Amino acid sequence: QVQLVESGGGLVQAGGSLRLSCAASGSIFSLNAMGWYRQNPGKQREMVAVIPSGGGTNYADSVKGRFTISRDNAKNTVYLQMNSLKPEDTAVYYCNALVRVHTFTTVEVWGQGTLVTVSS
């Protein structure tokens, strides 16, 4: 079984910064793509940023230039540095990972979510 544990959410004023972390643990053969998604009540979960195992990044247009995703493969951890935060960034942020648990088996895993609140 694989678990993703997020940390780093909280309350911040507009213009401030937060750093989210997500650590994967359990029966991990290898980690493929990892990413961050966010969701508000009554709305669909949306992609914020994704980082494949081989490098490269992909960001939602709304966060480009403000957020940076990175990963530490030795620690099985993905980070999201969020700068110049806006009230519209308020949401529950979820970590996501594609985890190879066996030579021929890959599963998608979600974290429990961490709340980010940006006050105006």
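How many disulfides does a search of the whole structure find? The search turns up one. Keep in mind that this is a predicted model.

**The disulfide**

The bond runs between Cys22 and Cys95, with an S to S distance of 2.1 Å. Its torsion about the S-S bond is about -85 degrees, so we have a left-handed disulfide here. In sequence terms the pair links distant parts of the chain: Cys22 belongs to strand S3 and Cys95 to strand S9, and they are 73 residues apart. Cys22 is buried, with a relative accessible area of 0%. Cys95 is buried too, at 0% relative accessibility.

**The nonpolar core**

Now for the inside. In soluble globular proteins, nonpolar side chains tend to be buried together. The largest nonpolar core in this model has 30 residues, and Trp36, Leu80, Met82 and Tyr93 are the ones with the most contacts inside it. Strands giving two or more residues to this core include S1 (2-7), S3 (18-26), S4 (30-39), S5 (46-51) and S7 (67-72). S8 (77-82), S9 (91-102) and S11 (114-119) are also among them. Which strand gives the most to the core? That would be S9, with five residues.

Leu80 is a handy place to look around. Setting aside residues up to four places away in sequence, Leu80 touches Trp36 and Tyr93, and its other contacts include Leu18, Leu20, Val48, Ala49, Phe67 and Ile69. Arg19 and Thr68 are on the contact list of Leu80 as well.

**Rings and charges**

A search of the whole structure finds one aromatic pair. It is made by Tyr37 and Trp110, whose ring centres are 5.1 Å apart and whose planes meet at 70 degrees, so it counts as edge-to-face. Tyr37 sits in strand S4 and Trp110 in strand S10 (residues 105-110), so the pair ties together parts that are 73 residues apart in sequence. Trp110 is partly exposed, with a relative accessible area of 33%.

Trp110 also turns up in the table below, which lists where the charged end of an arginine sits over a ring.

| Charged end | Ring | Distance to ring centre |
|---|---|---|
| Arg19 | Tyr79 | 4.1 Å |
| Arg45 | Trp110 | 4.6 Å |

So what does Trp110 have around its ring? Tyr37 pairs with it edge-to-face, and the charged end of Arg45 sits over it.

**Strand S11 and its partners**

S11 has two faces: Thr114, Val116 and Val118 make up the covered one, while Leu115, Thr117 and Ser119 make up the uncovered one. In which sense do S2 and S11 pair, parallel or antiparallel? Strand S2 (residues 10-13) pairs with S11 in the parallel sense, over four bridges. Leu11 is found opposite Thr117 of S11. With S9 the arrangement is antiparallel, and three bridges join S9 to S11. There, Val92 has Leu115 in S11 as its bridge partner.

**A buried aspartate**

One last spot: Asp89, in the loop between S8 and S9. Is Asp89 buried or exposed? It is buried, with a relative accessible area of 1%. Beyond its neighbours within four places in sequence, Asp89 is in contact with Arg38 and Arg66, along with Phe67 and Ser84. Asp89 also contacts Val116 and Val118, two residues on the covered face of S11.

Note on methods: Residues are numbered from 1 along each chain as its sequence is written. This is a predicted model: local features need pLDDT of at least 70, side-chain atom pairs count only at pLDDT 80 or more; totals for chains, interfaces and linings use all residues. Side-chain values use heavy atoms; hydrogens and water are left out. A nonpolar core is a set of buried Ala, Val, Leu, Ile, Met, Phe, Trp, Tyr and Cys residues joined through side-chain atoms within 4.5 Å. Buried means under 20% relative accessible area, exposed over 50%, partly exposed in between (1.4 Å probe, protein chains only). Contact means heavy atoms within 4.5 Å. A disulfide is a pair of cysteine sulfur atoms within 2.5 Å. Rings of Phe, Tyr and Trp (its six-membered ring) pair if their centres lie within 6.5 Å; planes under 30 degrees apart count as stacked, over 60 as edge-to-face and the rest as tilted. A charge sits over a ring if NZ of Lys or CZ of Arg is within 6 Å of the ring centre and within 35 degrees of the ring normal. Two strands pair if DSSP finds at least two bridges between them.
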